[in-house]
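Please open the structure in a viewer and keep the sequence alongside. The tour below proceeds by selections, each followed by a description of what is found there.

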Amino acid sequence: MGPGARLAALLAVLVLGTGDPERVAARGDTFSALTSVARALAPERQLLGLLRRYLREEKARLRDLTRFYEKVLSLHEDSTTPVGNPLLAFTLIKRLQSDWRNVVHSLEASENIRALKDGYEKVEQDLPAFEDLEGAARALMRLQDVYMLNVKGLARGVFQRVTGSAITDLYSPKRLFSLTGDDCFQVGKVAYDMGDYYHAIPWLEEAVSLFRGSYGEWKTEDEASLEDALDHLAFACFQAGNVSCALSLSREFLLYSPDNKRIARNVLKYERLLAESPNQVVAEAVIQRPNIPHLQTRDTYEGLCQTLGSQPTLYQIPSLYCSYEINSNPYLLLQPIQKEVLHLEPYIALYHDFVSDSEAQKIRELAEPWLQRSVVASGEKQLQVEYRISKSAWLKDTVDPMLVTLNHRIAALTGLDVRPPYAEYLQVVNYGIGGHYEPHFDHATSPNSPLYRMKSGNRVATFMIYLSSVEAGGATAFIYANLSVPVVKNAALFWWNLHRSGEGDSDTLHAGCPVLVGNKWVANKWIHEYGQEFRRPCSSSPED
């Protein structure tokens with residue numbers, strides 16, 4: 001088997017799979033790609049239709065019940081109702097023996113709700129799973145952390161960064177989507193169940209606040225109540241070392257549910273602890289944000305993400321420039337590409353308007369049926385991980401002639417051979433709710449990497465095309481280069497992963513910042529070492 005065949009076989013096994021693409025997509029999870037979230041609108045529209053039909057039937061039933069009620073009420077409004085009238089006496093006995101039983105045991109109500117339940121069960125398999133709710137909640141916490149968002153602001157539907165007394169609006173939505181007490185409770189409970197009280201407490205505090213404001217107004221769709229929020233928040237405060245807060249919340253709980261023996265025992269426990277350690281009355285524990293061991297560059301990474309790609313001082317560096325690129329290639333003579341050099345070491349360039357709107361849309365449409373949860377290499381395995389939230393698909397050049405044209409354009413611009421096996425197929429990625437990819441290298445850093453099974457060397461360069469725009473977030477952050485690049489629709493980002501010696505360039509450590517608002521699509525073309533020997537000659541100098 002030749003190297004080209006090996007490459008095709010490996011990628012087919014790793015990512016494309018077999019069978020119906022719609023079934024392939026269905027095996028993924030909803031929250032990890034915005035296009036999957038958008039598909040979830042379809043079953044909800046079906047549920048809306050079912051609910052509309054149910055409401056229509058129930059309104060008709062309630063009108064009939066109202067008619068019966070008013071008819072009987074009119075007979076009782078006259079205190080001198082002549083029960084001696086045999087006709088009235090007969091109807092009274094009939095109502096009490098028959099009519100009321102038919103009203104109370106009417107099959108119409110059960111038939112209406114049964115139709116609603118049957119319709120729900122038909123679409124239930126297409127609805128997000130509980131794991132999606134957990135993933136979406138963790139995404140909100142990720143956005144809260146990376147962009148330093150205020151939880152109270154998020155609950156009101158605004159995206160504000162709060163640092164000390166300064167408040168910065170990161171995004172101003174045209175329409176505010178506020179959260180309910182139950183919404184906030186569900187986010188807090190996900191953190192609570194993970195033992196993450198740093199995130200649980202502010203979300204549960206907001207849930208308690210919102211439930212207090214609407215106490216007594218039960219909503220059918222809510223799963224939680226004020227008592228639930230107080231219960232979870234009290235224990236979270238206790239676990240965080242704030243016993244006085246736990247006591248106060250538990251006492252409030254007993255006001256609403258005085259017969260709860262478990263909470264009553266907690267109150268006694270908290271009172272005893274405070275009596276033994278009076279200083280805890282005013283002590284308030286400082287809860288540390290959970291550390292992520294693999295993310296050693298977290299502060300730098302998040303600082304770059306918070307700039308949202310805006311770096312005005314960058315353009316004051318004389319060695320950086322913009323130009324029209326033809327790369328001495330006839331292919332580009334009539335249509336040169338706008339090139340913007342963003343960084344020199346490592347070399348990073350942005351090519352504006354590399355693809356057209358129609359090409360970007362076509363690539364998205366070709367990839368969407370095949371999207372699956374993105375994985376990362378861990379030794380010889382491919383794993384789904386929390387630090388990469390997206391779905392991806394691989395497109396062979398033979399899928400559509402437009403992809404062949406795209407490859408010609410990449411080759412002309414970079415001067416590299418992008419034909420298999422010297423480059424991988426086009427990987428198309430759609431990011432999910434708060435979708436991100438924490439700091440990583442594109443090139444293999446271990447000889448056990450699956451990349452080496454392609455028999456074409458390491459990834460020498462990355463060519464990444466932005467297939468969409470986003471409203472906020474989603475920048476590409478180069479950690480050691482201290483640079484973040486915003487999402488520029490239809491532009492392409494290029495950088496070298498390896499030095500000319502073949503050694504990996506550690507300065508190319510980069511990340512996809514979480515998408516704050518918007519639907520981010522990118523396409524990656526990874527180019528390998530072999531086949532580039534005369535296009536990018538080797539050098540023994542570590543500086544090259």
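## Helix α5 and its surroundings

Begin by selecting helix α5 together with α4 (41-76): α4 is among the elements that cover the buried residues of α5. The model in view is a predicted one. Next, display the side chains of Leu88, Arg95, Ser98 and Asp99, which are the residues in question, for they are buried in α5.

Now select the two ends of α5, residues 86 and 104. How far apart should the ends of this helix be? The helix has 19 residues, and at 1.5 Å a residue it should span 27 Å; the end C-alpha atoms lie 26 Å apart, which agrees with that expectation. Along the way, look at arginine 95, where α5 bends by about 50°. Arginine 95 is also one of the buried residues just displayed.

At the start of the helix, select asparagine 85 and leucine 87. A side-chain oxygen of asparagine 85 comes to within 2.9 Å of the backbone nitrogen of leucine 87.

## The whole chain

Zoom out to the complete protein, whose secondary structure comprises 17 helices and 19 strands. The protein has 544 residues, of which 46% count as buried. Among contacts with a separation of 6 or more, 72% are between residues 24 or more positions apart.

## Salt bridges

Side chains of opposite charge can pair when their charged atoms come close. The structure contains 23 salt bridges, and two sites may be visited in turn.

For the first site, select arginine 373 and aspartate 29, whose side chains form a salt bridge with an N to O distance of 2.8 Å. The pair connects distant parts of the chain, 344 residues apart. Arginine 373 belongs to strand β6 (residues 372-373), whereas aspartate 29 sits in the loop between α2 (21-26) and α3 (34-39). Are these two residues buried or exposed? Both arginine 373 and aspartate 29 are buried.

For the second site, select helix α6 (residues 107-123) and display arginine 114 and aspartate 118, which are 4 residues apart, about one turn of the helix. These two form a salt bridge whose closest N and O atoms are 2.9 Å apart. Add glutamate 121 to the selection: arginine 114 forms a salt bridge with glutamate 121 as well, with the closest N and O atoms 3.4 Å apart. Arg114, Asp118 and Glu121 are thus linked in a network of salt bridges.

Colouring by accessibility gives the following picture of this network. Aspartate 118 has a relative accessible area of 31% and is therefore partly exposed. Arginine 114, at 38%, counts as partly exposed, and glutamate 121 is likewise placed in that class, at 48%.

Remain in helix α6 and select alanine 115. Its relative accessible area is 46%, so alanine 115 is partly exposed. Then add tyrosine 54, which is 61 residues from alanine 115 in sequence but 7.7 Å away in space, C-alpha to C-alpha.

## Glutamine 144

Move to helix α7 (residues 130-146) and select glutamine 144. With a relative accessibility of 9%, glutamine 144 counts as buried. Which residues are in contact with glutamine 144, leaving aside its neighbours within four places in sequence? They are Leu149, Val151, His199, Pro202 and Trp203.

## Strand β10 and its partners

Finally, select strand β10 (residues 426-431), in which 6 of 6 residues are buried. Both faces of β10 are covered. Leu426, Val428 and Asn430 lie on one side, and Gln427, Val429 and Tyr431 on the other.

Show strand β9 (residues 390-395) next: 6 bridges join β9 to β10, and the two strands run antiparallel. To see one position of this pairing, select alanine 393, which stands opposite valine 428 in β10.

Then show strand β19 (residues 521-528), which is joined to β10 by 4 bridges and is also antiparallel to β10. Here, select valine 429 and its bridge partner in β19, valine 522.

Technical notes
Residues numbered from 1 in each chain as written. Predicted model: local features only at pLDDT ≥ 70, side-chain atom pairs only at ≥ 80, totals over all residues. Heavy atoms only, no water. Expected span 1.5 Å × (residues − 1). Bend = angle between axes of the 7 residues up to and from the residue. Buried < 20%, exposed > 50% of the residue type's maximum accessible area, 1.4 Å probe, protein only. Contact = heavy atoms within 4.5 Å. Polar contact = N/O pair within 3.5 Å; in protein donor to acceptor, adjacent residues only side chain to side chain. Salt bridge = Lys/Arg side-chain N within 4 Å of Asp/Glu carboxyl O. Pairing = 2+ DSSP bridges.
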